[in-house]
Amino acid sequence: MYTNDFEYYCAESTDEAIELLTNHDGAELIAGSHGLLPRMRTGEEEPPVLVDINALDELSLIERADGELSIGALATHAEISASEMIREDAPALSDAASEVGDVQVRNGGTIGGNLAHGDARTDHPAAVLALGGSLSVHGPDGERLINADDLFEGHFETAISDHEIVTELRIPIDENTTSTYLKRRNPVSGYPLVGVAVWLQTDSDSIENARIAATGSLSHPTRLHSVEDELNDTTIDEETVATAADRAAESFDETDFRSDMRASPAYCSHLLSVYTERALRTVLD
Ligand SMILES: Cc1cc2nc3c(=O)[nH]c(=O)nc-3n(C[C@H](O)[C@H](O)[C@H](O)COP(=O)(O)OP(=O)(O)OC[C@H]3O[C@@H](n4cnc5c(N)ncnc54)[C@H](O)[C@@H]3O)c2cc1C
């Protein structure tokens, strides 16, 4: 299908992008275009104005600063996957980026676009939640930080307002931590049927702090607090892992799970427990 007609602007600064968003009702930013364009072609989204931000080179930087990883909104999935720094400090994000769709999508799609779009069936949100990340966003009233825990509000619904632009993802670098992300791929699209990210802070044979998050199978990406509660301040052993994984689906009822031709709520619930256990075992290994 063809897209609706739209006006096109290419922003040369973050301020100009914000001004264009503010002055044009319904305007949308466009970065990698792999999230928005497919939905424009099906008529699910019909923005009258597109504001291209690809000329904002400063939004592509990946660096360490003040105990945090700073990843520019325009960093692509391929750049994130190839970054040694991210592999070292935030392995779950590296895993998620490496698992996205196919080469074409990984080369074009950006982290900012992925998180801002709020598609509940994408990979990165689980990793960003588990890693305790936050987004720096700029709008007409200046800059604010949105914690990942407050970001995802529903399928294609986020806490980012219409006139704001995400400039960077920040991830704290903590000592004695490790993380991973595992997914069950939809064999047709590559999107996750379920994806689970695990972040653990350990002290020899005990877990001091755990953050576990899921994407794909639920109405929106979310932390698995019941699993975390089971793991916090425990000794690492087989029984703890199995008991914690069993609790993965516990806080949700049938209506919280996706239900479509690819997966029933019961299957999603089952996958959530299985992948929570696998991700925990992977990270503890
Ligand atoms: C065939 C295919 C397979 C895919 N498979 C997967 C997969 O397996 N896993 C996965 O996670 N994803 C998958 N994706 C989605 C992919 O990750 C998208 O690229 C990503 O979700 C959107 O990033 P983008 O840069 O392309 O954003 P765009 O499409 O350019 O924008 C998406 C939305 O975000 C907004 N936006 C973009 N940048 C910003 C910003 N800096 N600040 C504020 N708002 C912004 C736009 O206005 C728009 O509403 C797939 C996509 C395709 C087409």
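**Entry 1: domains.** I began with the division of the chain: domain 1 covers 7–52, domain 2 covers 57–172 and domain 3 covers 177–284. I note that this is a predicted model.

I then took domain 1 and domain 2 as a pair. Their C-alpha centres lie 18 Å apart. I looked up the contact: domain 1 gives 11 residues to it, and domain 2 gives 18 residues. Which helix supplies the largest share of the domain 1 side? I found α1, residues 14–23, with 5 residues. I also sorted the side of domain 1 that touches domain 2 by residue type. I got 5 nonpolar, 6 polar and no charged residues.

**Entry 2: ligand shell.** Next I went to the ligand. I listed 31 residues around it. Which of them come nearest? I wrote down Gly-32, Gly-35, Gly-101, Gly-109 and Gly-113.

I mapped the shell onto elements. At least two residues each come from β2 (28–30), α2 (36–41), α7 (111–117) and β10 (165–172). The largest share belongs to α7, with 5 residues. By type, I have 15 polar, 13 nonpolar and 3 charged residues in the shell.

**Entry 3: helix α11.** Last, I checked α11, residues 238–246. I found Val-241, Ala-244 and Ala-245 buried there. Why do I say that the buried residues line one face of the helix? Looking down the axis of α11, I see them fall within an arc of 95°, so they line one face. I then looked for what covers these buried residues. The cover includes α10 (225–231) and α12 (265–284).

Technical notes
Residues are numbered from 1 along each chain as its sequence is written. This is a predicted model: local features need pLDDT of at least 70, side-chain atom pairs count only at pLDDT 80 or more; totals for chains, interfaces and linings use all residues. A residue is near a molecule or strand if its C-beta atom, placed from the backbone, lies within 6 Å of it. Helices (H or I, at least four residues) and strands (E, at least two) are DSSP runs, numbered from the N terminus. Ala, Val, Leu, Ile, Met, Phe, Trp, Tyr, Cys and Pro count as nonpolar, Asp, Glu, Lys and Arg as charged, and the others, Gly among them, as polar. A residue is buried if 20 or more other C-beta atoms lie within 10 Å of its own, exposed if 12 or fewer, and partly exposed in between; C-beta atoms are placed from the backbone. The arc is that of the directions from the helix axis to the C-beta atoms. Two residues are in contact if their C-beta atoms, placed from the backbone, lie within 7 Å. Domain bounds come from an automatic or database domain assignment.
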